[in-house]
Amino acid sequence: MTGSKAKPRGLDGVVAGQTRLSHVDGQAGELIIGGYQLKELAGRVSFEEAAQLLWSGALPSRDELATLRREIADLRTLPAETMRVVRAAAQAPPIDALRMACATLSLDLAHPDDISPAADMQAAKLLTARFPTVIAAHARLNAGKEPIAPRGDLPHAANFLYMVHGREPDPIAARAVDTYWVTVIDHGMNASTFAARVIASTRSDMVSAVTGAIGALKGPLHGGAPGPVLDMLKDIRSADRAEGWVRTELAAGRRIMGFGHRVYKVRDPRAEVLSKVADEISSAALENRKLFDLARAAEQTIVKVLDEVKPGRNLRTNVEFFTALVLQALGLDPRSFVAIFACGRVAGWCAHVIEQHAEDHLIRPQSEYVGPRGLKVV
């Protein structure tokens, strides 16, 4: 509008609230979770410990961790109503099946509208426990197999792989999933987290808020698509073809998957963590090792070409690039990658809902009207 001050699109640069949960510094490439640098947590604490850090503000003691693990394990089994939804959605995209299943989980809560701290904590444990069960059951049904019941004696990540593959996983594989989920557990005021907080700010319940967050995550501008990274590497085929391939894609106006981030102007710190995980897990199989070596060589070439073709854009490696390598090495279907991401992020969403309920203030921004005025009905 003439003479009016430009308004930020999509709330870009607008501070929408305060949180103790995580901080993202895109210029420094820094991610702080609950007071710890990501590298202090990922690979050093379990997913259950990181969840407790966000939910309560401190890492659990050994006894507290044992109790939390037992509580989460006891909640893994899906109620009959939820399993019926998962079966009905067997051919739907995994993220859609998760959204539909999540909405049913309030049926298993004694007081689903209770947003007291105790009720929120119980709902957080329930959602965190059951997301992997939903995804594992859906993966097997989609493949024409019957779901496998969860095991209470396995840690969270190991149990997920067991439910998918039907065998107890290699410790390196279980540790890879665990580290991945810690790495993606929270990430500032992103779109899905903000959606969850807006819903929670109305005094709506935890399950409703998290269901809304899944809806926001599904959008490709937020949840991304780590699966196409594998397609990209398959097209490149060899390190010496990387430069020609990326130049052709850029000339055609296509996006290079796994590079560039809305916030980070340097290498995504989550990519730094997951590159090490991919390196470790890829050593178990020759084909995975070849793919990882190709990815590492292609990454260097792609960054160089992006700097040349799009100077000043600072398009660096993001979390999607190495997520694809880690999850495919674990034998997981690329179509399920976004839903598997949600199995880690759910603990962060729940923490934000707990925080928003405690704040108890409605999120209701203003808008600027730019439509016509003075119209008359004829």
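## Thr-183 in helix 8

Let's start inside this predicted model, at Thr-183, a residue of helix 8, which covers residues 171-183. Is Thr-183 buried or exposed? Its relative accessible area is 0%, and because buried means under 20%, Thr-183 counts as buried.

Which residues does Thr-183 touch, once its neighbours within four places in sequence are set aside? The list holds Leu-31, Leu-38 and Ala-42, together with Arg-270, Val-273 and Leu-274.

## The protein as a whole

With that residue in mind, we can step back. The protein is built with 16 helices and three strands. Its C-alpha trace spans about 70 × 60 × 45 Å along the principal axes. For 378 residues, a compact globule would have a radius of gyration near 21 Å, and the protein agrees with this, having 21 Å.

Half-hidden is a fair way to put the next point: 50% of the 378 residues count as buried. On the outside, the protein exposes about 18200 Å², and 53% of that is supplied by carbon and sulfur atoms. There are 46 positive and 43 negative charges, and the mean positions of these two groups are 6 Å apart. Contacts also link distant parts of the sequence: among contacts with a separation of 6 or more, 76% are between residues 24 or more positions apart.

## Ser-22 and its polar partners

Next comes a strand. Ser-22 belongs to strand 1, made of residues 22-25. With a relative accessible area of 10%, Ser-22 is buried.

What does the side chain of Ser-22 make a polar contact with? The partner is the side chain of Asp-186, at 2.6 Å. A polar atom of the Ser-22 side chain also lies 2.8 Å from the backbone nitrogen of Gly-188. Beyond residues up to four places away in sequence, Ser-22 touches Asp-186, His-187 and Gly-188, as well as Ile-32 and Ile-33.

## Helix 5 and what covers it

Helix 5 runs over residues 94-104, and eight of its eleven residues are buried, so this helix is largely enclosed by the rest of the structure. The buried ones are Pro-94, Ile-95, Asp-96, Ala-97, Leu-98, Ala-101, Cys-102 and Thr-104. Which helices help to cover them? The cover includes helix 4 (80-88), helix 6 (117-142), helix 10 (206-218) and helix 16 (337-359).

Ile-135 gives a close-up of this area, and its place is in helix 6. Ile-135 counts as buried, at 4% relative accessibility. Leaving out residues up to four places away in sequence, Ile-135 touches Pro-94 and Leu-98, and also Phe-160, Ala-339, Ile-340 and Cys-343. Pro-94 and Leu-98 are among the buried residues of helix 5. Looking further afield, Ile-135 is 77 residues from Ala-58 in sequence, and their C-alpha atoms are 29 Å apart.

## Helix 11 and Leu-230

Helix 11 takes in residues 227-236, and its buried residues are Gly-227, Val-229, Leu-230, Met-232, Leu-233 and Ile-236. Leu-230 has a relative accessibility of 15%, which counts as buried.

Around Leu-230, setting aside neighbours within four places in sequence, the contacts are Leu-291, Ala-324, Leu-325, Gln-328, Pro-334 and Phe-337. How far apart in space are Leu-230 and Phe-322, which are separated by 92 residues in sequence? From C-alpha to C-alpha, the distance is 9.9 Å.

## Three positive phi angles

The last stop is the backbone. Just after helix 11 comes Arg-237, whose phi is positive, at about 75°.

Asn-314 also has a positive phi, near 55°, although it is a residue other than glycine. Where does Asn-314 lie? Its place is the loop between helix 14 (286-309) and helix 15 (319-329). With a relative accessible area of 31%, Asn-314 is partly exposed.

Asp-360 is not a glycine either, and its phi is positive at about 55°. This residue is found in the segment after helix 16. Asp-360 is partly exposed, with a relative accessible area of 40%.

Notes
Residues are numbered from 1 along each chain as its sequence is written. This is a predicted model: local features need pLDDT of at least 70, side-chain atom pairs count only at pLDDT 80 or more; totals for chains, interfaces and linings use all residues. Side-chain values use heavy atoms; hydrogens and water are left out. Helices (H or I, at least four residues) and strands (E, at least two) are DSSP runs, numbered from the N terminus. The radius of gyration is taken over C-alpha atoms; the globule rule is 2.2 Å times the number of residues to the power 0.38. Buried means under 20% relative accessible area, exposed over 50%, partly exposed in between (1.4 Å probe, protein chains only). Contact means heavy atoms within 4.5 Å. Accessible areas come from the Shrake-Rupley method with a 1.4 Å probe; for residues, only the protein chains shown count as cover. Lys and Arg count as positive and Asp and Glu as negative; His and the chain ends are not counted. The place of a charge is taken as NZ of Lys, CZ of Arg, CG of Asp or CD of Glu. A polar contact is a pair of N or O atoms within 3.5 Å; within protein, one must be able to donate a hydrogen and the other to accept it, and residues adjacent in sequence count only if both atoms are side-chain atoms.
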